Amino acid sequence: MLKERITRVLESTNKKSYLKWYCKSDLVNRIHWQGVRILKFVPDLWNYQEIISDYKITNVIEFGSFLGGSTIFFADILKIYQTGGKTLSVDIVDKWDPKTNRTDIQKLKASSISDTCRITVKKFREENPGNVLVILDSEHTGEHIYKELQLITPLLKKGDYLIVEDADDDPRIIVAMKKFFGENPLEYEYDKTREEKFGVTAALYGYWIKK
């Protein structure tokens, strides 16, 4: 029993150490999709494309996009799966690479907790039917993520999939997430199995299915 506990602790430590190295190494500056820098954790990207397939996702909404590498990635995956859908990318600054200037990509320069964002997401959903994958990856503070969850939840439907990234950056983010999901137990189902599929993720406590 003690040996098993020690093994589990060592495995957990190794996983956390790898993620810490990955995030702090220069590797994050040398990962590209279609020639555009992408800041996502690569195993998570594989998970996301599987989610798009498994849950018959039609459209993607991402809060936080930087240069738009992930924006292009999601648009390309939707195209591969022939969903006919679009990707909505929201960021507070306009740094999108010109390669994001596509008819299947919609961009919004605004705060992800603003009324402008709420109105745009609502209209996007009305104009683009089908299940949606939502990625929250903008300002990494507990308060901001809590407000993002408040904004996006009423706009989601049964079968939609929500990802909250980078909660490991600050313990207060986990606290805020647990507060929100604890206050809204009927809204989401925690997909722990999917989260643990590759052993380590940058979306700790971050895989949720809309009920």
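1. The largest nonpolar core. In this predicted model, the largest nonpolar core holds 31 residues, and Phe 63, Leu 162, Met 177 and Phe 181 touch the most other members. Two or more residues each come from β3 (57–63), β4 (87–91), α4 (115–127), β6 (131–136), α5, β7 and α6. The most is given by α6, with six residues. A second core, separate from this one, has 25 residues, including Val 28, Tyr 48, Val 200 and Ala 203.

2. Leu 162 as a core member. Leu 162 is one of the residues that touch the most other members of the largest nonpolar core. With residues up to four places away in sequence not counted, Leu 162 touches Val 134, Leu 136, Leu 149, Ile 152, Phe 181, Tyr 188, Gly 206, Tyr 207 and Trp 208.

3. Helix α6. Residues 171–183 form α6, a helix of 13 residues that reaches 19 Å from its first C-alpha to its last, close to the 18 Å expected at 1.5 Å a residue. Its buried residues are Ile 173, Ile 174, Ala 176, Met 177, Phe 180 and Phe 181. They lie on the same side of α6, because the arc they cover around the axis is only 160°. Pro 171, Arg 172, Val 175 and Gly 182 are exposed on the other side of the helix. The cover over the buried residues of α6 includes α5 (142–152), β7 (161–164), β8 (188–190) and β9 (207–210).

4. The phenylalanine pair of α6. Of the buried residues of α6, two are Phe 180 and Phe 181. Phe 180 is buried, with a relative accessible area of 4%, and Phe 181 counts as buried at 6% relative accessibility. The two ring centres of Phe 180 and Phe 181 are 5.6 Å apart and the planes stand at 80°, so the pair is edge-to-face.

5. Other aromatic arrangements. The whole structure contains 19 aromatic pairs. A cluster linked by ring pairs comprises Trp 33, Tyr 48, Tyr 55, Phe 73, Phe 74, Tyr 161 and Tyr 207. Charged side chains also lie over rings: Lys 178 is placed over the face of Tyr 205, at 5.7 Å from the ring centre. The charged end of Lys 210 sits over the ring of Tyr 188, 6.0 Å from its centre.

6. Helix α4. This helix has 13 residues, and α4 reaches 18 Å from its first C-alpha to its last, close to the 18 Å expected at 1.5 Å a residue. Cys 117, Thr 120, Val 121, Phe 124 and Arg 125 are the buried residues of α4. Seen down the helix axis, they fall within an arc of 135°, and therefore line one face of α4. Asp 115, Ile 119 and Glu 126 are exposed on the other side of α4. The buried residues of α4 pack against β3, β4, β5, β6 and α5.

7. A buried loop residue. Where does Thr 100 lie? Thr 100 belongs to the loop between β4 and β5 (105–109). Despite this loop position, Thr 100 counts as buried, at 0% relative accessibility. Leaving out residues up to four places away in sequence, Thr 100 touches Leu 67, Gly 68, Thr 71, Ile 72, Ile 105 and Lys 107.

8. Arg 37. Strand β2 (residues 36–37) contains Arg 37. Arg 37 is partly exposed, with a relative accessible area of 23%. Apart from neighbours within four places in sequence, the contacts of Arg 37 are Val 28, Asn 29, Ile 31, His 32, Phe 66, Leu 67 and Gly 69. Lys 79 is 42 residues from Arg 37 along the chain, and the C-alpha atoms of the two are separated by 20 Å.

9. Positive phi angles. Lys 56 is not a glycine, yet has a positive phi of about 50°. Lys 56 is placed in the loop between α2 (42–54) and β3, and is exposed, with a relative accessible area of 66%. Phe 66, also not a glycine, has a positive phi of about 55°. The loop between β3 and α3 (69–80) holds Phe 66, which counts as partly exposed at 28% relative accessibility. Phe 66 is also one of the residues in contact with Arg 37.

Note on methods. Residues numbered from 1 in each chain as written. Predicted model: local features only at pLDDT ≥ 70, side-chain atom pairs only at ≥ 80, totals over all residues. Heavy atoms only, no water. Helix = DSSP H or I, 4+ residues; strand = E, 2+ residues; numbered from the N terminus. Expected span 1.5 Å × (residues − 1). Buried < 20%, exposed > 50% of the residue type's maximum accessible area, 1.4 Å probe, protein only. Arc of directions from axis to C-beta. Contact = heavy atoms within 4.5 Å. Core = buried A, V, L, I, M, F, W, Y, C linked by side-chain atoms within 4.5 Å. Phe/Tyr/Trp six-rings, centres within 6.5 Å; stacked < 30°, edge-to-face > 60°. Lys NZ or Arg CZ within 6 Å of the ring centre and 35° of its normal.
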